[in-house]
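This briefing introduces the structure shown below to a reader who has not met it before. Please keep the sequence and the model at hand while reading.

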Amino acid sequence: MIKHNMQLLTKLAPAKTIMKKIALVALVVLSSARMAFAQTPAADVNKAINADKDFNKLVERKGIKGGFLAVADPEGIIFKPNVININEFYKNIDQQAGTLTMQPNFARISINGDLAFTAGPYTYQNGTDDTDKVYGDYVSIWRASGDNGELKLLINLGIQHPEPEADAVSDFRNPDSAQQVAPSKDPFAGKRIILATDNAFNHSLTMSALAAYKEFLSPEGRYYFPGFEAMTGQDKIMKFVDNEAISITAQTTNAGRSTSNDLAYTYGKARIKKGEVVSDYNYVRVWELDASHKWDILLEVFSAVESE
């Protein structure tokens, strides 16, 4: 019934009206949970940063294949170019040549520490000559696993761009424990809300990409598009979308949300018209709940779907 109603809303109502209804549902759920939950200290974002740095050390020591296999969540995915399980992919290929170096400069973790993301620049080199270097940015989403809550790699996606002219500003921030709520009694309710939100954004994109980003994008959002260095800030991102004459159609594939109801992710496929060129992409979005209990896009990355 909920799914049916959200589909009707998407077809019949403007995107802003849809978001008001979704935000109202989220507010009721969050307010009810807070009344019955004793607040505990929020997780430390350094847990995510350290997981990323440990991953980089494993890649350096064991190679790309061994590093990914060592940190992969059992349900972890990468895009090669379509979605494939990390373990399934790397167990069935030979060791990859070359060296990969990653350095996080953007990270968040959910209040209860069960979901996190890291992002930043990477360098890949297959040889000893600096002309062999490939530069880009990566996005990794992490999920707590096992009794000790160790973060495992759930999603990894990257883009290429020219060598950066300057280092990006680092943004590591701990969650606000005041936003903490009790785990939902219906673990699927949170996912339905995120799916509905992602679908509403995709619907809004078909009408106006600029209006969609103005409504859904966090003022602090980061944007990763192939061929360009990472962009930070709603104004800069919207200027890029406008200058590049970008129009987007997208379809949600899946989503997940922290049980503390403050951090979420979605991914899917997109077709982007940039000027007169139309190309297919995979996308990943990270969502955070703002002070008004509205879900905003904190990070979006598009990775071109290319034949291997």
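**Backbone and loops**

P81 lies in the loop that connects β1 with β2 (83–85). The model is a predicted one. The points below begin with the backbone at P81 and two other loop residues, then turn to a helix, a sheet and a pocket.

*Unusual backbone geometry*

- Most peptide bonds are trans, and most residues other than glycine have a negative phi.
- The bond that leads from K80 to P81 is cis, and its omega is near -10 degrees.
- A245 has a positive phi, near 55 degrees, although this residue is not a glycine.
- The position of A245 is in the loop between α7 (234–243) and β11.
- Because its relative accessibility is 45%, A245 is classed as partly exposed.
- N261 is likewise a residue other than glycine with a positive phi, here near 65 degrees.
- The loop between β11 and β12 holds N261.
- N261 counts as buried because its relative accessibility is 5%, which is under the 20% cut-off.

*A kinked helix*

- α3 has a kink of about 130 degrees, and the kink is centred on G63.
- The end C-alpha atoms of α3 are only 17 Å apart, whereas a straight helix of 26 residues would span 38 Å at 1.5 Å a residue.

*The six-stranded sheet*

- An open sheet with mixed pairing is formed by 6 strands, in the order β10-β9-β14-β13-β12-β11.
- At the edges of this sheet are β10 (231–232) and β11 (246–257), each of which pairs on one side only.
- In a regular strand the side chains alternate between the two faces of the sheet.

*Hairpins within the sheet*

- β12 (residues 263–274) and β13 (residues 277–289) run antiparallel and are joined by 12 bridges.
- Among the bridge partners in this pair, L263 is matched with E288 of β13, and Y267 is matched with V284 of β13.
- The hairpin of β12 and β13 has 2 residues between its strands, and G275 in the turn shows a positive phi of about 70 degrees.
- β13 also pairs with β14, in the antiparallel sense, over 9 bridges.
- One of the partners in that pairing is L299 of β14, which is bridged to V286.
- The hairpin of β13 and β14 has 5 residues between the strands, and H293 in this hairpin has a positive phi near 70 degrees.

*The largest pocket*

- The volume of the largest pocket is about 910 Å³.
- Its lining consists of 28 residues, of which F79, K80, Y122, G158 and Q160 are the closest to the centre of the pocket.
- K80 thus appears twice in this account: as one of the residues closest to the pocket centre, and as the residue before the cis bond to P81.
- The elements that each supply at least two lining residues are α3 (46–71), β1 (72–79), α4 (86–91), β3 (99–102), β5 (115–125), β6 (133–145), β7 (150–160) and β14 (295–304).
- β7 provides the largest share of the lining, with 5 residues.
- By residue type, the lining comprises 18 nonpolar, 7 polar and 3 charged residues.
- Two elements described above return here: the kinked helix α3 and the sheet strand β14 are both among the contributors to the lining.

Terms used. Residues are numbered from 1 along each chain as its sequence is written. This is a predicted model: local features need pLDDT of at least 70, side-chain atom pairs count only at pLDDT 80 or more; totals for chains, interfaces and linings use all residues. Side-chain values use heavy atoms; hydrogens and water are left out. On a 1 Å grid over the protein atoms alone, a cavity is a set of points where a 1.4 Å probe fits but cannot get out, and a pocket is an open set with protein on both sides within 12 Å along at least five of seven lines; lining residues have an atom within 4 Å of a point. Grid points are joined across faces, edges and corners, and a volume is the space filled by probe spheres set on the points. Helices (H or I, at least four residues) and strands (E, at least two) are DSSP runs, numbered from the N terminus. Ala, Val, Leu, Ile, Met, Phe, Trp, Tyr, Cys and Pro count as nonpolar, Asp, Glu, Lys and Arg as charged, and the others, Gly among them, as polar. The expected span of a helix is 1.5 Å times one less than its number of residues. The bend at a residue is the angle between axes fitted to the seven residues ending there and the seven starting there. Two strands pair if DSSP finds at least two bridges between them. Buried means under 20% relative accessible area, exposed over 50%, partly exposed in between (1.4 Å probe, protein chains only).
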